[in-house]
Amino acid sequence: MKKTIFIAAIMIFTMSITYCQNTYYVDNNAGNQADYHSLQTAIDSVDAGDILMLQGSGVNYGNITINKQITIIGPGYFLSKNPNTQANHLSAEIGVVAIYGNNTKISGCTITTYLTLQADDIVVTRNKIKYIRLHGSTNNLFISQNYIYSSSSDNSIYTDSGDHTNIVI
């Protein structure tokens, strides 16, 4: 009997951890069905730990500020270069992305202005980014497989203040 109660307790605990995060779709294309049409509204509305899936669009999602742990996943970039991989060849473009929430992840987006990181334990993978700004104190950053470009003589990745430790690029 004790063994059955113990196993049931472990199953309930595991299910509560597994179902803590939710996935929401964000699409700013007119007439398309989605949980949210504004990316900033979605960020402000969802709970910490949730996942936002961005749809490709011909319209920029605008500037965003992230103050909590979330995951943002876009469709990728240079999609028209591989025409047989997706039905929609539009990327999810965002203007300025400012991340102040720890444990945030962003992947598969095109950041057309710049990405500001001022938090800990951030993962930035597989994005197209104009440039990255490390601001304030940051720790444990993982920046991998991104296409980072700058149209001027500015640095593509720079720091403007604070201490930065354990950064993997």
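Which residue in β6 is the bridge partner of I72? The partner of I72 is I106. This report works outward from that pair. The model is a predicted one.

**Overall make-up**

The protein chain has two helices and 14 strands. It counts 169 residues, and buried residues make up 34% of them. Take the contacts between residues at least 6 apart in sequence: 42% of these join residues at least 24 apart. The chain exposes about 9,500 Å². Carbon and sulfur atoms supply 51% of that area.

**The parallel sheet**

Seven strands form an open sheet with parallel pairing. Their order is β1-β2-β4-β6-β8-β11-β14. β1 (23–26) and β14 (164–168) stand at the edges. Each has a single partner strand, so one side of each is left without a neighbour in the sheet. On average, neighbouring strands of this sheet are turned by 15 degrees against each other, direction ignored.

Three of the pairings can be followed across the sheet. β4 pairs with β6 (residues 105–107) in the parallel sense, over three bridges. β6 also pairs with β8 in the parallel sense, again over three bridges. β8 and β11 run parallel too, and five bridges join them.

Individual bridge partners mark the path. I72 is matched with I106 in β6. K105 has V123 as its bridge partner in β8. V123 in turn has F142 as its bridge partner in β11.

**I72 and the nonpolar core**

The largest nonpolar core holds 30 residues. Which of them touch the most other members? They are I72 and L117. Several elements each supply at least two residues of this core. Among them are α2 (39–45), β2 (51–54), β3 (64–66) and β5. β7 (110–117), β8 (120–125), β10 (132–134) and β11 (138–144) are also on that list. Nonpolar side chains tend to be buried together in soluble globular proteins.

Now look at I72 itself. Leaving aside neighbours within four places in sequence, I72 is in contact with I43, L52, L54, I64 and I66, among others. Its contacts also include K105, I106, S107 and C109. The bridge partner I106 is thus also listed among the contacts of I72.

**Two serines in loops**

S57 and S91 both sit in loops. S57 is found between β2 and β3. S91 is found between β4 (71–73) and β5 (93–99). Is S57 buried or exposed? At 5% relative accessibility, S57 counts as buried. S91 counts as buried as well, at 14%.

The two serines are in contact with each other. Beyond its neighbours within four places in sequence, S57 also contacts N28, N29 and L90. The side chains of S57 and N29 are joined by a polar contact of 3.3 Å. With the same neighbours set aside, S91 touches G56, S57, P75, G76, Y77, L79 and T110.

**Y147 and its surroundings**

Y147 lies in strand β12 (residues 147–148). With 38% relative accessibility, Y147 counts as partly exposed. Y147 and K128 are 19 residues apart along the chain, and their C-alpha atoms are separated by 4.6 Å. Leaving aside neighbours within four places in sequence, Y147 is in contact with Y77, F78, N127, K128 and I129. Y77 is also among the contacts of S91.

**Positive phi**

Most residues other than glycine have a negative phi. Two residues here call for a check of the backbone. R126 has a phi near 55 degrees, a positive value in a residue other than glycine. R126 lies in the loop between β8 and β9 (128–129). N166 is not a glycine either, yet its phi is positive, at about 55 degrees. N166 is found in strand β14, one of the edge strands of the sheet. N166 counts as exposed, at 52% relative accessibility.

**Accessibility at a glance**

| Residue | Relative accessibility | Class |
|---|---|---|
| S57 | 5% | buried |
| S91 | 14% | buried |
| Y147 | 38% | partly exposed |
| N166 | 52% | exposed |

How values were computed:
Residues numbered from 1 in each chain as written. Predicted model: local features only at pLDDT ≥ 70, side-chain atom pairs only at ≥ 80, totals over all residues. Heavy atoms only, no water. Helix = DSSP H or I, 4+ residues; strand = E, 2+ residues; numbered from the N terminus. Buried < 20%, exposed > 50% of the residue type's maximum accessible area, 1.4 Å probe, protein only. Contact = heavy atoms within 4.5 Å. Pairing = 2+ DSSP bridges. Axes fitted to C-alpha atoms, helices over the stretch in contact; angles between N-to-C directions. Core = buried A, V, L, I, M, F, W, Y, C linked by side-chain atoms within 4.5 Å. Areas by Shrake-Rupley, 256 points an atom, 1.4 Å probe, with all protein chains shown as cover. Polar contact = N/O pair within 3.5 Å; in protein donor to acceptor, adjacent residues only side chain to side chain.
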